[in-house]
Amino acid sequence: MTDRKTEIAANLAKVEERITAACNAAGRTRDEVTLIVVTKTYPASDVRILSELGVRHVAENRDQDAAPKAAACADLPLNWHFVGQLQTNKVRSVVSYANFVQSVDRARLVTALSREAVRAGREVGCLIQVALDAGVSGRGERGGVAPEGIEELADLVAGAPGLRLDGLMTVAPLTGEYAGREQAAFERLMDLSTDLRRAHPAATMVSAGMSVDLEQAVAAGATHVRVGTAVLGVRPRLG
Ligand SMILES: *Cc1c(COP(=O)(O)O)cnc(C)c1O
């Protein structure tokens, strides 16, 4: 193995151990949690290594970086998740490679995603991004819709051609009542997921937890964790 592959394999094994331990502690089975490796800022060669090591889900947050990377890795059996704030003028590009968009947070974006998915003949899995620190605007600083806005958006996605409503996503807030209380934040997301599934039983995905707080996410019931630095290393630049 190359040095880089050895390094990534070792990191991946540690993350696997953490997820397994967290599942055991929560009385959950390992297959209830899917690992998504966040590859932003890292090259396509790392994505290829991850695929060789058995990773099947990767995530990106900027279309400019993600589009060429996904094209370079089009031969690999990967699911691509888009997890960043998404401008409507990037939607056509994102829909060309993303199997999932986890950052759906406004009606205009749903309309654009639906139009482009239909045009491309693709089905895009959508997660509503929830901002647990949303201010009076009803929107989070890093994207996301306030809990009160979930139902309306969910109904919109569920009725939109080319889109599939898959669940909810959140990022642990740095401000507001949940700052520093990751597990409480993720438990709140689980409650919101329970509400959502009354009307949309198939929307079972709960995406929460990153390198520093994946244990809290698994304890709260997350079905998907999004891990970057713990697998690939500290990012060379902010992303
Ligand atoms: C970067 C990012 C992650 C991964 O964060 P790490 O701290 O590197 O594990 C997860 N989710 C989103 C939305 C991100 O932008």
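Colleague: Happy to meet this structure! What share of the area that the chain exposes do carbon and sulfur atoms supply?

Modeller: Welcome! This is a predicted model, and its chain exposes about 10,700 Å². Of that area, carbon and sulfur atoms supply 51%.

Colleague: How many helices and strands are there in the chain, and why is the chain called as compact as a globular protein of that length?

Modeller: The chain holds 9 helices and 8 strands. For 239 residues the globule rule gives 18 Å, and the chain is close to that, so it is as compact as a globular protein of that length. The C-alpha trace spans about 50 × 40 × 30 Å along its principal axes. The radius of gyration itself is 17 Å.

Colleague: What percentage of the residues in the chain is buried?

Modeller: Let me start with contacts: among those with a separation of 6 or more, 60% join residues 24 or more positions apart. As for burial, the count runs over the 239 residues in the chain. Buried residues make up 51%.

Colleague: How far apart do the centres of the positive and negative side chains lie?

Modeller: There are 28 positive side chains and 29 negative ones in the chain. Each set has its own centre, and the two centres lie 5 Å apart.

Colleague: Which residue in β2 stands opposite V38?

Modeller: Strand β1 covers residues 34-38, and it pairs with β2 in the parallel sense over 2 bridges. In β2, residues 57-60, H57 and A59 point one way while V58 and E60 point the other way, and all are buried. The residue opposite V38 is A59.

Colleague: And in β8, which residue is the bridge partner of V37?

Modeller: β1 and β8 also pair in the parallel sense, over 4 bridges. Strand β8 takes in residues 224-227, with H224 and R226 pointing one way, V225 and V227 the other, and all of them buried. The bridge partner of V37 is V227.

Colleague: Is T41 buried or exposed?

Modeller: T41 sits in the loop between β1 and α2 (44-52). Its phi is near 75 degrees, a positive value in a residue other than glycine. The relative accessible area of T41 is 16%, and the cut-off for buried is under 20%. Therefore T41 counts as buried.

Colleague: K69 catches my eye. Is K69 buried or exposed?

Modeller: You will find K69 in helix α3, residues 63-72. Not counting residues up to four places away in sequence, K69 touches T39, K40, T41, Y42, P43, A44, V47, E60 and W80. With a relative accessibility of 8%, K69 counts as buried.

Colleague: How far is the C-alpha atom of Y178 from that of R142?

Modeller: Y178 belongs to the loop between β6 (163-170) and α7 (182-199), and at 10% relative accessibility Y178 counts as buried. Beyond its neighbours within four places in sequence, Y178 is in contact with L132, P173, A184, A185 and R188. R142 is 36 residues away along the chain, and the two C-alpha atoms are separated by 15 Å.

Colleague: Last one: what is the relative accessibility of A208?

Modeller: A208 lies in the loop between β7 (205-207) and α8 (214-220). Leaving aside neighbours within four places in sequence, its contacts are T170, F186, L189, A217, A222, H224, V225 and R226. A208 counts as buried, and its relative accessibility is 1%.

Technical notes: Residues are numbered from 1 along each chain as its sequence is written. This is a predicted model: local features need pLDDT of at least 70, side-chain atom pairs count only at pLDDT 80 or more; totals for chains, interfaces and linings use all residues. Side-chain values use heavy atoms; hydrogens and water are left out. The radius of gyration is taken over C-alpha atoms; the globule rule is 2.2 Å times the number of residues to the power 0.38. Buried means under 20% relative accessible area, exposed over 50%, partly exposed in between (1.4 Å probe, protein chains only). Contact means heavy atoms within 4.5 Å. Accessible areas come from the Shrake-Rupley method with a 1.4 Å probe; for residues, only the protein chains shown count as cover. Lys and Arg count as positive and Asp and Glu as negative; His and the chain ends are not counted. The place of a charge is taken as NZ of Lys, CZ of Arg, CG of Asp or CD of Glu. Two strands pair if DSSP finds at least two bridges between them.
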